[in-house]
Amino acid sequence: MSATSPSRLDEDIRGLDALETPRLEEPSLARRAWSMTWPMLTAFGLFVVVWQLVVWSGWKPKFVLPPPADVFAHLGEMFSTPRFWNAVTNTIGRAAIGFAVAILIGTALGLVVSQSRVMRRAIGSGLSGLQSMPSIAWFPLAILLFGLTETAILFVVVLGAAPSIANGLIGGVDTTPPILLRAGKVLGAKGWSSWRHVVLPAAMPGYVAGIKQGWAFAWRSLMAGELLVIIAAQPSLGVFLHQARELADAEEVVATMIVIFVIGVVVDLVIFSNLERRLRRNRGLLTTT
């Protein structure tokens with residue numbers, strides 16, 4: 001085999017250099033916040049305009065579909081009441097506890113199934129089946145088992161979120177490039193060391209995607225649970241929706257829905273968007289502002 005000529009080697013090196021995209025400086029916090037918020041504010045403004053146009057069209061009477069101004073005024077009144085903030089605190093607390101339990105269970109299941117062919121054949125498809133089940137279908141069983149209690153809500157939240165987290169980790173482990181495993185062995189990574197330094201970092205994108213999807217399932221399951229399992233002694237956003245529906249208070253229904261939507265957006269921006277951004281930056285994939 002002939003040796004590589006200097007000119008050919010220079011061409012190869014230049015080709016490799018061309019694959020590297022220059023890393024730009026990290027923008028300031030204010031600039032990042034503005035770049036993330038102005039598209040959402042624009043979209044929200046367009047939504048409000050369309051909403052107002054639909055109201056003006058007379059498609060539904062105002063007591064069924066209230067105009068934006070009335071809803072935002074009612075939202076301001078809700079913000080001034082301690083009961084509303086108590087409800088928000090209770091709902092977010094339930095979401096945090098249920099989601100944390102789901103992460104623990106989903107991660108454990110994902111680790112076991114990804115490393116055991118027997119477990120994969122036994123429950124691998126079952127996890128996908130659980131993930132596809134509507135969360136509301138679990139509530140009749142949850143109420144029979146636990147009654148109208150916090151445990152019933154937690155039970156459904158965990159069942160809604162854990163399969164997505166497990167499948168995300170399994171998918172991330174399954175798509176780990178074999179060359180990384182071989183390189184790890186060459187460098188002395190074996191057993192738990194290989195898992196810690198090779199497999200888990202390589203599986204992190206799939207795992208994070210599973211956690212993000214798990215949060216979406218947990219939040220939806222919680223809202224369904226608070227509508228079905230009414231615990232009057234503990235106000236929540238679900239109780240607000242239920243009572244507003246019973247009283248035909250359309251302004252409070254829409255205002256509460258806006259609060260639920262905003263909480264979901266804030267969680268995504270504050271937690272998951274930053275987590276994904278950090279993950280991309282650590283992998284050299286974040287090259288633009």
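How many salt bridges does the structure hold? In this predicted model, the count comes to six. Side chains of opposite charge can pair when their charged atoms come close, and a few of these pairs are worth walking through.

Take Glu-150 and Arg-94 to begin with. Their side chains meet in a salt bridge, with N and O 2.7 Å apart. Glu-150 sits in helix H7, which runs over residues 150–174, while Arg-94 belongs to helix H4, residues 82–115, so this pair ties together parts that lie 56 residues apart in sequence. The two partners also differ in how much of them is open to the outside. Arg-94 has a relative accessibility of 10% and counts as buried because that value is under 20%. Glu-150, at 28% relative accessible area, is partly exposed. The pair does not stand alone, either: Arg-94, Glu-150 and Glu-226 are linked in a network of salt bridges.

A second link between helices is made by Asp-268 and Lys-212, whose closest N and O atoms are 3.3 Å apart in a salt bridge. Here Asp-268 comes from helix H11 (residues 250–282) and Lys-212 from helix H9 (residues 192–228), so once again parts 56 residues apart in sequence are tied together. As for accessibility, Asp-268 is partly exposed, with a relative accessible area of 23%, and Lys-212 is partly exposed too, at 28%.

Then there is Arg-245 with Glu-246, a salt bridge between side chains with an N to O distance of 3.4 Å. Both Arg-245 and Glu-246 are exposed.

Now for the empty space. Rolling a probe the size of a water molecule over the atoms shows where such space is left. The largest pocket in the model has a volume of about 610 Å³, and 18 residues line it. Phe-44, Phe-47, Ile-258, Phe-261 and Val-262 are the lining residues that lie nearest the centre of the pocket. Three elements give two or more residues each to this lining: helix H2 (29–57), helix H3 (68–79) and H11. Helix H11, the helix that holds Asp-268, provides the largest share of the lining, with eight residues.

What classes of residue make up the lining of the largest pocket? It has 17 nonpolar residues and one polar residue, with no charged residues.

Key:
Residues are numbered from 1 along each chain as its sequence is written. This is a predicted model: local features need pLDDT of at least 70, side-chain atom pairs count only at pLDDT 80 or more; totals for chains, interfaces and linings use all residues. Side-chain values use heavy atoms; hydrogens and water are left out. A salt bridge is a side-chain nitrogen of Lys or Arg within 4 Å of a carboxyl oxygen of Asp or Glu. Helices (H or I, at least four residues) and strands (E, at least two) are DSSP runs, numbered from the N terminus. Buried means under 20% relative accessible area, exposed over 50%, partly exposed in between (1.4 Å probe, protein chains only). On a 1 Å grid over the protein atoms alone, a cavity is a set of points where a 1.4 Å probe fits but cannot get out, and a pocket is an open set with protein on both sides within 12 Å along at least five of seven lines; lining residues have an atom within 4 Å of a point. Grid points are joined across faces, edges and corners, and a volume is the space filled by probe spheres set on the points. Ala, Val, Leu, Ile, Met, Phe, Trp, Tyr, Cys and Pro count as nonpolar, Asp, Glu, Lys and Arg as charged, and the others, Gly among them, as polar.
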